[in-house]
Amino acid sequence: MTPSTVGCRVCGATDLEVFLDLGRTPLADRLVSDPGGGEREPTYPLEVAFCPQCTLVQILETVEPETLFQDDYPYYSSFSPALMEHTRRNVDDVIAERGLGPDSFVVEPASNDGYLLAVYREHGIPVLGIDPAEGPATAAAERGVPTINTFFTRSLADELVAEGRRADVIHANNVLAHVADTNGFVSAIAALLKPDGVAVIEVPYLRDLIAHCEFDTIYHEHLCYFSVTALDHLFSRHGLILYDLRELAIHGGSLRLFVSRGESRRPAVDALLTEERRVGMDRAEFYRDFHRRVDEVRTRLSTMLRGLRAEGRRIAAYGAAAKGSTLINYVGIGPDLVDFVVDRNVHKQGRYMPGQHLPIHAPERLLAEQPDHLLLLAWNFADEIMEQQAEYRARGGRFIVPVPEPRIV
Ligand code: JHZ
Ligand code: ZN
């Protein structure tokens, strides 16, 4: 492991240990419009490190948030039916558990296109979305979800509090890992919550990332990779208690965290803290052979795709996902191996994947061209996508799932 000079994002410690180096990659959600047009595509180092003081796993590079999220952000949550289903169940549970009604107030930083808050609106519960990405924030406003088009910060939280708008519930899904000022974000949550309010936060779970070799979920938008140990420490720094949690299958394995000021700790939290200590997630050794496993996936996937190509097979890919960008750029999957990518998101179609410049088309292209193999870049939605593509499969198409180890199904 290489010692690093950058400070930990949460505790400031400077003795971080780098355990994985994915080289320089382009930004995962920065799709290319005109690959032949001389548009220079910047690349940034992608090194992952462990903090021996507070156990946080993090990347060292911080790309300015404005570059990552503000301008031309192509991710719209509503394009994934399984995510919508997951969200609806989450909201229904929270409404029932907290007894929410027309006098309640629900706030969501990183509300994207309003897919989650719209469900509260259906129940007549007042909401406020906050999102820096203009396209998704506009889409949210158009569907009737009031949205402030900006970043969620401590000063914004203080303004809302000054207006008497404290929250009964704050949802923060897949955003905690994305913020450069981790402490500022958590302190903003603490400030905005009513004394008996609760924050319901979803993050991808580091244990699953390591266990299933999901190295492709590492990209510049994801600054932190959380264990319960690191989260527990983070919230307690800001006077909050991580009092309950649930493990979720979404995004390759996530945690739903319940955080408040005064609730008493439920057994699920201690159970995972104990488990993490048992397997060693709080120690640097745990992470030391990860790079070897990642490189094994790279070699096997590259060999598999090259072998198929040499046999004259045509290969396409499904899902112009951000994680797909890490995968194709780290493994080196270019137009010589994969003809095109399909995605339902109309904002991605007609553009090209970062770095490797694979063209992105609508899914209808699959049946029109019937490639022999389909590399699942959005492997986290494998079941849903395979079901949708039953016809492609019936006609002889095969799927390639890249992680935890490349296999053809
Ligand atoms: P998906 C996103 O990452 C963005 P990505 C972000 N960086 C983040 O943190 C994680 O989520 C959690 C398409 N699709 O959601 C939609 C279909 O076309 O796995 C998406 O473009 N048809 C904020 O981008 C892509 O695949 C379908 O049936 O890695 C999936 O991307 C389905 C289900 C998806 O996350
Ligand atoms: Zn630390």
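**Exercise 1.** In which sense do strand S17 (residues 398–401) and S18 pair, and over how many bridges? Place the pair in its sheet.

*Solution.* The model is a predicted one. Step 1: S17 and S18 pair in the antiparallel sense, over two bridges. Step 2: Val-401 stands opposite Arg-407 in S18. Step 3: the open sheet has six strands, in the order S15-S14-S13-S16-S17-S18, and its pairing is mixed. Step 4: strand S15 (360–361) and strand S18 (407–408) are at the edges with a single partner strand each, so one side of each has no neighbour in the sheet.

**Exercise 2.** Find what helix H10 (residues 290–310) lies across. Then describe how H10 packs with helix H11 (residues 322–331).

*Solution.* Step 1: H10 lies across strand S13 (315–318), strand S16 (373–376), S17 and S18. Its direction is at about 155° to S17. Step 2: two packed helices are described by the angle between their axes and the distance between the axes. Step 3: for H10 and H11 the angle is about 75°, and the axes are 10 Å apart. Step 4: angles of 65 to 115 degrees count as roughly perpendicular, and H10 and H11 are therefore roughly perpendicular to each other. Step 5: list the residues that meet. From H10 come Val-294, Asp-295, Arg-298, Leu-301 and Ser-302; from H11 come Leu-327, Tyr-330 and Val-331.

**Exercise 3.** Check the length of helix H2 (residues 81–98) against its expected span. Then locate its buried residues.

*Solution.* Step 1: H2 has 18 residues, and at 1.5 Å a residue it should span 26 Å. Step 2: the end C-alpha atoms of H2 are 26 Å apart, which agrees. Step 3: the buried residues of H2 are Leu-83, His-86, Thr-87, Asn-90, Val-91, Val-94 and Ile-95. Step 4: down the axis of H2, these buried residues fall within an arc of 165°, so they line one face of the helix. Step 5: their cover includes helix H3 (117–122) and four strands: S8 (167–173), S9 (193–204), S11 (241–248) and S12 (254–260). Step 6: past the end of H2 comes Gly-99, with a positive phi near 60°.

**Exercise 4.** Which strands stand at the edges of the seven-stranded sheet?

*Solution.* Step 1: write the order, S7-S6-S5-S8-S9-S12-S11; this sheet is open, with mixed pairing. Step 2: strand S7 (147–148) and S11 are the edge strands, each with a single partner strand, so one side of each is left without a neighbour in the sheet. Step 3: take one inner pair. Strand S5 (residues 106–109) and S8 run parallel over two bridges, and Val-107 has Ile-170 in S8 as its bridge partner. Step 4: add helix H9 (residues 267–279), which lies across S11 and S12 at about 75° to S11.

Conventions: Residues numbered from 1 in each chain as written. Chains lettered and ligands numbered in written order. Predicted model: local features only at pLDDT ≥ 70, side-chain atom pairs only at ≥ 80, totals over all residues. Heavy atoms only, no water. Expected span 1.5 Å × (residues − 1). Buried < 20%, exposed > 50% of the residue type's maximum accessible area, 1.4 Å probe, protein only. Arc of directions from axis to C-beta. Contact = heavy atoms within 4.5 Å. Pairing = 2+ DSSP bridges. Axes fitted to C-alpha atoms, helices over the stretch in contact; angles between N-to-C directions. Parallel < 35°, antiparallel > 145°, perpendicular 65-115°, else oblique.
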